[in-house]
Amino acid sequence: MKITRLVLENWKNFRTVDIALGGRSFFVGPNASGKSNLLDSFRFMADLVKRGGGLQRALSDRGGLQKIRCLAARATPSVVLEFELERGGETPTTWKYRLVLKQERSGAKQNIVAQEQVWEKDKLILDRPNAEDLRDDLRLTQTSLEQISANGEFRAVYDFFGSFRYLHIVPQVIKTPEVFSNARTTVEDDVYGIKFLEQVARTTPKVRASRLARIQKALQIAVPQLGDLQNSTDETGTPHLEVRLEHWRPNAGRQQENQLSDGTLRLIGILWTILETKELIMLEEPELSLHPGIVSRLAPLMYRVNRTKKETSQILVSTHSPDLLSDKGIGMKEVFILSPGREGTIVKSAADIEEVRVLMETGASPADAVIPYSAPNSVEQLNLFE
């Protein structure tokens, strides 16, 4: 299943967002423009269905509805998240899920569901608040989506949101997992790589060997001397990654993850996640720790690895790297520019911005067309000693 359209109202930095999404999307903008906050709308839905506590915990983890609601919203009290979904295959279908949240004006001032709707194709199959909600308003503190007893007609939507993966691998976490041994992170909820080696080790041997072989083949484009990538377990049962790096010595030694560069580890983690995930992946600044020469190959590398799977994932990437966007294989409809302003951040497709579209149509790379357009205002003021 894929998300084909995202609509947000009063979500964090954004007064309104209405964008069409394809199989791959790059969100570009200056620091503090809201790239992470945009991705967090997807994470919010995943947290709502995956973690105990449902809607109220997903809100609480973000500081409550007041912290989520856009500061520029003023008189508009509600927050809207709407997703249009499409499932292909032999029996294609479309879904739309709409959730409107608000805070009660009196009483306990709870965060409640002001509206929840689900469409399958053109048929409205859930519309809340309903008569039961009006008889017992405590029901509005939960979504029907998070309740197994209530989401039977649209379980496919529940399963889809629960399959989302967000990744922001920190190489030092992989190198020294003992420092985080008491972290309450599960393999499924791991964001920073705390459980990455465990995740690799618990995969079935056949699948694990296949994935590591594909990652090794892909990595050799960026790290030619890398070979024989595999996992191992030491005498204490601790999992490791091992790789043979070819160099001037005829019998090159093997190196474990704590001897690999941060960039190599980060790249292995990203490619593993792409191979493992069937649905939607959110990658936060994947260019970090990587050499610019490798970053320039990252977009086609991720695309190539994704296409080796039976089911390709939808990939959302936040970035402000000119090297990552230098690949001319990235289409203008795949790039979204975030422009902050006094009334919130505006999100536009590169195809809808005439100056950008003209440049790309005449052969400019996304980096050449987009990065200057998305640069922060008055950036020259950072030259303090000029």
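Biologist: In the hairpin of strand 1 and strand 2, which residue takes a positive phi?

Modeller: K12 does, with a phi near 50°. Two residues lie between the strands of that hairpin. Keep in mind that this is a predicted model.

Biologist: What makes strand 1 and strand 2 a pair?

Modeller: Count the bridges. Six bridges join strand 1 (residues 2–11) to strand 2 (residues 14–20), and the two run antiparallel. A pair needs at least two bridges, so strand 1 and strand 2 count as paired. One place to look is R5, whose bridge partner in strand 2 is A20.

Biologist: How many bridges does strand 1 make with strand 4?

Modeller: Seven, in the antiparallel sense. Strand 4 covers residues 79–87. Seven bridges meet the cut-off of at least two, so strand 1 and strand 4 pair. E9 has V80 in strand 4 as its bridge partner.

Biologist: Now the helices. Why is helix 8 called oblique to helix 9?

Modeller: Helix 8 (residues 205–222) and helix 9 (residues 262–276) pack at an angle of about 130°. That angle makes helix 8 oblique to helix 9. Roughly perpendicular ends at 115 degrees and roughly antiparallel starts over 145, so about 130° falls under oblique. The axes are 10 Å apart, and the crossing is right-handed.

Biologist: Which residues of helix 8 and helix 9 meet?

Modeller: From helix 8, R208, R211, L212, R214, I215, A218 and L219. From helix 9, L267, I268, L271, W272, L275 and E276. Nine of the contact residues are nonpolar, none is polar and four are charged.

Biologist: How do you know whether L219 is buried or exposed?

Modeller: L219 has a relative accessible area of 0%. Buried means under 20%, so L219 is buried. L219 belongs to helix 8.

Biologist: What does L219 touch, not counting residues up to four places away in sequence?

Modeller: L226, L267, I268 and L271. As for L229, ten residues separate L219 from L229 in sequence, and their C-alpha atoms are 9.9 Å apart in space.

Biologist: What does helix 8 lie across?

Modeller: Strand 9 and strand 10. Helix 8 runs at about 150° to strand 9. Over 145 degrees counts as roughly antiparallel, so helix 8 is roughly antiparallel to strand 9.

Biologist: What makes strand 9 and strand 11 edge strands?

Modeller: Each pairs on one side only. Strand 9 is 226–233 and strand 11 is 254–256. They belong to an open sheet of three strands, in the order 9-10-11, with antiparallel pairing. The twist averages 30° from one strand to the next. Strand 10 (residues 239–245) is joined to strand 11 by three bridges. In that stretch, R244 stands opposite R254 of strand 11.

Biologist: At what angle do the axes of helix 9 and helix 11 cross?

Modeller: Roughly 35°, and the axes come within 9 Å. Helix 11 covers residues 298–307. The crossing is right-handed. Helix 9 brings L267, I270, L271, I274 and L275, and helix 11 brings L298, L301, M302, V305 and N306. This contact has nine nonpolar residues, one polar and no charged.

Biologist: Why is one side of strand 8 and of strand 15 left without a neighbour in the sheet?

Modeller: Strand 8 (165–167) and strand 15 (346–349) stand at the edges, each with a single partner strand, so one side of each has no neighbour in the sheet. This open sheet has six strands in the order 8-12-13-3-14-15, with mixed pairing. Direction ignored, neighbouring strands are turned by 20° against each other on average. Strand 8 runs parallel to strand 12 (residues 280–284), joined by three bridges. L167 stands opposite L283 in strand 12.

Biologist: At what angle does helix 1 run to strand 12?

Modeller: About 155°. That is over 145 degrees, so helix 1 is roughly antiparallel to strand 12. Helix 1 (residues 35–50) lies across strand 3, strand 8, strand 12, strand 13 and strand 14. Helix 11 lies across strand 3, strand 12 and strand 13, at about 155° to strand 3.

Biologist: Which residues of helix 13 are buried?

Modeller: P366, A367, A369, V370, I371 and S374. Their cover includes strand 3, strand 14 and helix 12.

Key: Residues are numbered from 1 along each chain as its sequence is written. This is a predicted model: local features need pLDDT of at least 70, side-chain atom pairs count only at pLDDT 80 or more; totals for chains, interfaces and linings use all residues. Side-chain values use heavy atoms; hydrogens and water are left out. Axes are lines fitted to C-alpha atoms, for helices over the stretch in contact, and angles run from 0 to 180 degrees between N-to-C directions. Helices (H or I, at least four residues) and strands (E, at least two) are DSSP runs, numbered from the N terminus. Angles under 35 degrees count as roughly parallel, over 145 as roughly antiparallel, 65 to 115 as roughly perpendicular and the rest as oblique. A crossing is left-handed if the near helix is turned anticlockwise from the far one by less than a right angle, and right-handed if clockwise. Contact means heavy atoms within 4.5 Å. Ala, Val, Leu, Ile, Met, Phe, Trp, Tyr, Cys and Pro count as nonpolar, Asp, Glu, Lys and Arg as charged, and the others, Gly among them, as polar. Buried means under 20% relative accessible area, exposed over 50%, partly exposed in between (1.4 Å probe, protein chains only).
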